[in-house]
Amino acid sequence: MTSKSDERQFLARESPEDLQVVRTDGSFLFDAEGRQYVDFMMGWCVGNFGWGNAVLLEAAAQFEGPDYVYPGYSYAPWIELASLLVSISPGSLKKCFRATGGSEAVDLALQAAMLHTGRAKFVSVEGSYHGNTIGGLSVGSSEYREDCKNLLPLCYKVKPPLNAKSLAQVEALLKERDVAAFIMEPISINLGVLIPEAEFMTGLADLCRKYGTLLIMDEVATGFGRTGTLFASEQFGIEPDIMCVAKAITGGLGGMGAMIATAPVAKSMEDKGNFYSTYGWHPRSVTVATAALGYITRNRQRLLEDVAGTSEYCRERLMKMRFTKPASCRIAGLAIGVDFGDESHAAKIQAKCRQEGLLVSNEGESLLLLPALNIDQATAAQGLDILERCV
């Protein structure tokens, strides 16, 4: 068994936290010391359908395809998966580009936007997160530029809140007709579940059309039911030119991402783009993703009804909690942010919850709750009971 000292010596870590995971089951995670945790993170929106989902496990177990398919060859399940993705995507998205995960999907989106428009500039939301590649960091939070001095130039930011007043700032950035794309999460989970005003979103779409700027919706975290609709874009009636998905598409059983574009954007990318991906849509991952999308399609109404019911239950419980510091809640489906206005306090609550057996995430001044979409009420109550003791 690998020791903690070996891990420190040989494996780079994003976070100093030390929780050795040995097993997951439903909405529970188990560590090497035998402790059980209620998982209100689910891999940050990866395990939307619960750990050990029987449909996905069966698909993985029954896989009998090739070990690998070279990207220059054909593979029928790629077509089946792409067709399923297009069939459930909002608006006029027509063609998929393979990726290994969300970061690669975002990079493909940025490339496609530049090629289709012939422009070089991007606009995004300040403080946002769009992956760890150079492209993703460039359109993410400006703080990434403090250490990485040579990120992409010509990347501009709009500061929250995202309301009608913000549209003037957006128009000032777009009116020169040199912005390739505006990229954003329709609901920004890493910003504590930042929910734009509907007027901002419809106005943004209008401005993008007016000035020839593409609209990229990053649904890597918000997709596949997390916010109460299949994709968060649907809540605003937004029809993106490009959408990025990943995370929950395989329920954690394989790496997978996709960039989905309208026919004109896809044509530009196919004619001039570079989208070779060695492990994009690995055969095993495709089998699981196809099963996941089938599961979503068959159970869509019930799944979204469950999300709505659990979301309302969580809202009611949170509204009744007595917080030691003032807190506000932002809730979209089962993306729940509890904002304390104090980064240190949020971190302390997160650590205390973990000690008590509840896994949540803290992002800046907010605590994030991201439970499985099909979590049963007894388990949701167990997690919220722990949270109430800790706040």
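Axes are lines fitted to C-alpha atoms, for helices over the stretch in contact. The model used in these exercises is predicted.

**Exercise 1.** Find how helix α7 is oriented relative to helix α8.

*Solution.*
Step 1. Helix α7 covers residues 166–174 and helix α8 covers residues 198–211; they pack at an angle of about 15 degrees, and their axes are 10 Å apart.
Step 2. Angles under 35 degrees count as roughly parallel.
Step 3. Helices α7 and α8 are therefore roughly parallel to each other. Their crossing is right-handed.

**Exercise 2.** State which residues form the contact of α7 with α8, and sort them by character.

*Solution.*
Step 1. From α7 come S166, L167, V170, E171 and L174.
Step 2. They meet residues of α8, among them F200, G203, L204 and L207.
Step 3. The residues of this contact divide into eight nonpolar, two polar and three charged.

**Exercise 3.** Describe the packing of α10 against α12.

*Solution.*
Step 1. The axes of α10 and helix α12 (residues 377–390) come within 11 Å and cross at roughly 25 degrees.
Step 2. That makes α10 roughly parallel to α12, and the crossing is right-handed.
Step 3. In α10 the contact residues include R317 and L318, and in α12 they include L384 and L387.
Step 4. Seven residues of this contact are nonpolar, two are polar and three are charged.

**Exercise 4.** Place L318 in the largest nonpolar core.

*Solution.*
Step 1. This core has 68 residues, and L85, F224, W281, L318 and L387 touch the most other members.
Step 2. Helix α10 (residues 283–320) gives the most to this core, with 13 residues.
Step 3. Not counting residues up to four places away in sequence, L318 touches F323, C329, I331, I336, V338, L369 and L387.
Step 4. A second, separate core of 33 residues includes L174 and L207.

Key:
Residues numbered from 1 in each chain as written. Predicted model: local features only at pLDDT ≥ 70, side-chain atom pairs only at ≥ 80, totals over all residues. Heavy atoms only, no water. Axes fitted to C-alpha atoms, helices over the stretch in contact; angles between N-to-C directions. Helix = DSSP H or I, 4+ residues; strand = E, 2+ residues; numbered from the N terminus. Parallel < 35°, antiparallel > 145°, perpendicular 65-115°, else oblique. Left-handed = near helix turned anticlockwise from the far one by under 90°. Contact = heavy atoms within 4.5 Å. Nonpolar A, V, L, I, M, F, W, Y, C, P; charged D, E, K, R; others polar. Core = buried A, V, L, I, M, F, W, Y, C linked by side-chain atoms within 4.5 Å. Buried < 20%, exposed > 50% of the residue type's maximum accessible area, 1.4 Å probe, protein only.
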